[in-house]
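Reader: Please pick one part of this model and look at it closely. I would like to know what it faces and what it packs against.

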Amino acid sequence: MLHLDLRVDDLDDAEAYAVAAGATRAAFQPQDDVRVLLDPAGHPFCLFLH
């Protein structure tokens with residue numbers, strides 16, 4: 001399995017975009033400057049501040 005870490009300028013905007021594309025927010029969030037999301041197949045990926 002491949003895990004993606006994506007740098008973003010705004011976590012809220014990036015999360016909203018990912019959710020609109022079919023992602024869901026994971027229950028566990030390890031830290032404030034990272035958002036863990038799941039793609040529609042359940043694979044995790046992370047958004048983190050640039």
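**The two faces of helix H1**

Author: The exposed residues Asp12, Asp13, Tyr17 and Ala20 lie on the face of H1 turned away from its buried side. Exposed means over 50% relative accessible area, buried means under 20%, and partly exposed covers what is in between, with a 1.4 Å probe and protein chains only. H1 is a DSSP run: helices are H or I runs of at least four residues, strands are E runs of at least two, and both are numbered from the N terminus.

The model is predicted, with pLDDT of at least 70 needed for local features and 80 or more for side-chain atom pairs, while totals for chains, interfaces and linings use all residues. Residues are numbered from 1 along each chain as its sequence is written, and side-chain values use heavy atoms, without hydrogens or water.

The other side of H1 holds Leu11, Ala14, Glu15 and Ala18, which are buried. These buried residues fall within an arc of 100 degrees when seen down the axis of H1, so they line one face of the helix. The arc is that of the directions from the helix axis to the C-beta atoms. As a general point, an α-helix has 3.6 residues a turn, so residues three or four places apart point the same way.

The buried residues of H1 pack against four strands: E1 (4–8), E2 (24–25), E3 (34–38) and E4. Contact here means heavy atoms within 4.5 Å.

Much of this meets in the largest nonpolar core, whose eight residues are Val8, Leu11, Ala14, Ala18, Ala23, Leu37, Phe45 and Leu47. H1 (11–20) and E4 (44–49) each supply at least two residues of this core, and H1 gives the most, with three. Such a core is a set of buried Ala, Val, Leu, Ile, Met, Phe, Trp, Tyr and Cys residues joined through side-chain atoms within 4.5 Å.

Leucine 47 shows how the helix meets the strands. Neighbours within four places in sequence aside, leucine 47 is in contact with Leu11, Ala14 and Glu15, among others, and also with Leu6, Val8 and Leu37. Leucine 47 of E4 stands opposite arginine 35. Two strands pair if DSSP finds at least two bridges between them; E3 and E4 run antiparallel and are joined by five. They form a hairpin with five residues between them, and glycine 42 in the turn has a positive phi of about 95 degrees.

E3 is mostly covered, with four of its five residues buried. Two bridges join E3 to E2, and the two strands run antiparallel. Within that pairing, leucine 37 in E3 is the bridge partner of arginine 25.

Back at H1, the two ends can be described as well. At its start, a side-chain oxygen of aspartate 10 comes within 3.0 Å of the backbone nitrogen of aspartate 12. After H1 comes glycine 22, with a positive phi near 115 degrees.

As for the setting, the protein has one helix and four strands, in the order β-α-β-β-β from the N terminus. Its radius of gyration is 10 Å, close to the 10 Å that the globule rule gives for 50 residues, so the protein is as compact as a globular protein of that length. That radius is taken over C-alpha atoms, and the rule is 2.2 Å times the number of residues to the power 0.38. Of the 50 residues, 28% are buried.

Note on methods. A polar contact is a pair of N or O atoms within 3.5 Å; within protein, one must be able to donate a hydrogen and the other to accept it, and residues adjacent in sequence count only if both atoms are side-chain atoms.
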